[in-house]
Amino acid sequence: GTELLQKALTEDPDFFMANYYMALMSMGNDEKYKSYGNAAVNCKAKLSEAEKLIKSTMAALLEKKDADVTETGKKLVEMYPKDIYAYWVLLNLQDIVGDINGFHATLLKALEITPNPAPVYNMLGYSYMRLNQNDKAEEAFDKYIRLAPTNPNVYDSKGDYYMNIKE
C-alpha cells in the first residue's frame with residue numbers, strides 16, 4: 001500500500017488522503033510524520049465534509065501527538081453509519097490514543113455493516129488478545145481462516161495467537 005500511496009503522491013503531491021495515510025503510517029518517524037501531516041493539513045484541494053473532519057484530526061495530532069481525536073472519528077461514523085471506511089478511520093484514531101475498549105466496540109459495530117467481514121475478524125482477534133480474552137481471540141482467528149483460507153495472513157495471525165498463548 002505504501003508504494004501505491006507514494007506513486008499517487010508523485011502524480012499529485014496535494015492528494016489529501018494519501019498524505020494523511022502516509023502521515024499515520026510514519027508516526028514513528030517525526031520528520032516524515034510532520035512532512036506528510038503538514039502536506040495533508042495544507043492541502044488546497046476541494047475536500048468533502050468527511051475529509052474536512054479527517055483533516056481536523058491531523059491538525060490536532062500535529063499539534064499534540066496524543067490528542068484525543070476519537071470524537072471526530074465518531075462524528076464520521078455518525079455521518080456514514082453504513083460505510084466501513086468511516087469505521088476504519090475511527091479505529092485508526094482509537095488505536096492512536098490507546099482506546100482499547102473503544103477500538104473493540106468499534107470493531108463489533110463494523111462487523112455488523114461490512115460486506116467483507118474477514119479483515120474485521122482479523123483485527124477482532126488481535127483486539128481480544130489485547131483484552132486478554134484468548135478464547136474469543138482464537139474464535140475470531142478461526143472465523144478469519146474460514147472466511148479467507150487462501151490468504152496467507154490468516155495463518156500468520158493464528159501464529160501470533162499461538163505465540164501470545166505460548167504454544
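Helices (H or I, at least four residues) and strands (E, at least two) are DSSP runs, numbered from the N terminus. Keep that in mind for the views below, which all come from a predicted model: local features need pLDDT of at least 70, side-chain atom pairs count only at pLDDT 80 or more, and totals for chains, interfaces and linings use all residues. Residues are numbered from 1 along each chain as its sequence is written, and side-chain values use heavy atoms, with hydrogens and water left out.

**View 1. The whole chain is built from ten helices and zero strands.**
Walk along from the N terminus and the elements read α-α-α-α-α-α-α-α-α-α. The radius of gyration (taken over C-alpha atoms) is 17 Å, close to the 15 Å that the globule rule (2.2 Å times the number of residues to the power 0.38) gives for 167 residues, so the chain is as compact as a globular protein of that length. Along the principal axes, the C-alpha atoms fill a box of roughly 50 × 30 × 30 Å. How much of the chain counts as buried? It's 40% of the 167 residues, where buried means under 20% relative accessible area, exposed means over 50%, and partly exposed is in between (1.4 Å probe, protein chains only).

**View 2. Here is the largest nonpolar core, with 50 residues.**
A nonpolar core is a set of buried Ala, Val, Leu, Ile, Met, Phe, Trp, Tyr and Cys residues joined through side-chain atoms within 4.5 Å. Those with the most contacts inside this one are Phe16, Tyr20, Ile54, Met58, Leu61 and Leu76. Helix H6 (residues 84–97) gives the most to this core, with eight residues. That fits a broad trend: in soluble globular proteins, nonpolar side chains tend to be buried together.

**View 3. Ala40 sits in helix H3 (residues 30–41) and touches Phe16.**
Ala40 has a relative accessible area of 0%, so it counts as buried. Its C-alpha atom is 5.1 Å from that of Phe16, although the two are 24 residues apart along the chain. Leaving aside neighbours within four places in sequence, Ala40 is in contact (heavy atoms within 4.5 Å) with Phe16, Asn19, Tyr20, Lys55 and Met58. Phe16, counted in that way, touches residues including Cys43, Leu47 and Ile54.

**View 4. Asn19 is a buried residue in helix H2 (residues 16–25).**
Why does Asn19 count as buried? Because its relative accessible area is 3%. A polar atom of its side chain lies 3.0 Å from the backbone oxygen of Pro13. Beyond residues up to four places away in sequence, Asn19 touches Leu9, Pro13, Asp14, Tyr36, Ala39 and Ala40.

**View 5. Leu24 is found in helix H2 too.**
Leu24 counts as buried because its relative accessibility is 14%. Skip its neighbours within four places in sequence, and its contacts are Met58, Leu61, Asn92 and Ile96.

**View 6. Phe141 and Tyr161 form an aromatic pair.**
Rings of Phe, Tyr and Trp (its six-membered ring) pair if their centres lie within 6.5 Å; planes under 30 degrees apart count as stacked, over 60 as edge-to-face and the rest as tilted. A search of the whole structure finds five such pairs. This one is tilted, at 6.4 Å centre to centre with 55° between the planes. It links distant parts of the chain: Phe141 is in helix H9 (residues 134–147) and Tyr161 in helix H10 (residues 152–164), 20 residues apart. Both Phe141 and Tyr161 are buried. Together with Tyr126 and Tyr162, they form one aromatic cluster.

**View 7. Two charged ends sit over rings.**
To count, NZ of Lys or CZ of Arg has to be within 6 Å of the ring centre and within 35 degrees of the ring normal. The charged end of Lys65 is 4.9 Å from the centre of the Tyr33 ring. For Arg130, the ring belongs to Phe103, with its centre 5.3 Å away.

**View 8. Asn132 and Lys166 both have a positive phi.**
Most residues other than glycine have a negative phi. Asn132 is not a glycine, yet its phi is about 60°. Asn132 is found in the loop between helix H8 (118–130) and H9, and it counts as exposed because its relative accessibility is 65%. Lys166, also not a glycine, has a phi of about 65°. Lys166 lies in the segment after H10 and is exposed, with a relative accessible area of 73%.

Definitions and conventions:
A polar contact is a pair of N or O atoms within 3.5 Å; within protein, one must be able to donate a hydrogen and the other to accept it, and residues adjacent in sequence count only if both atoms are side-chain atoms.
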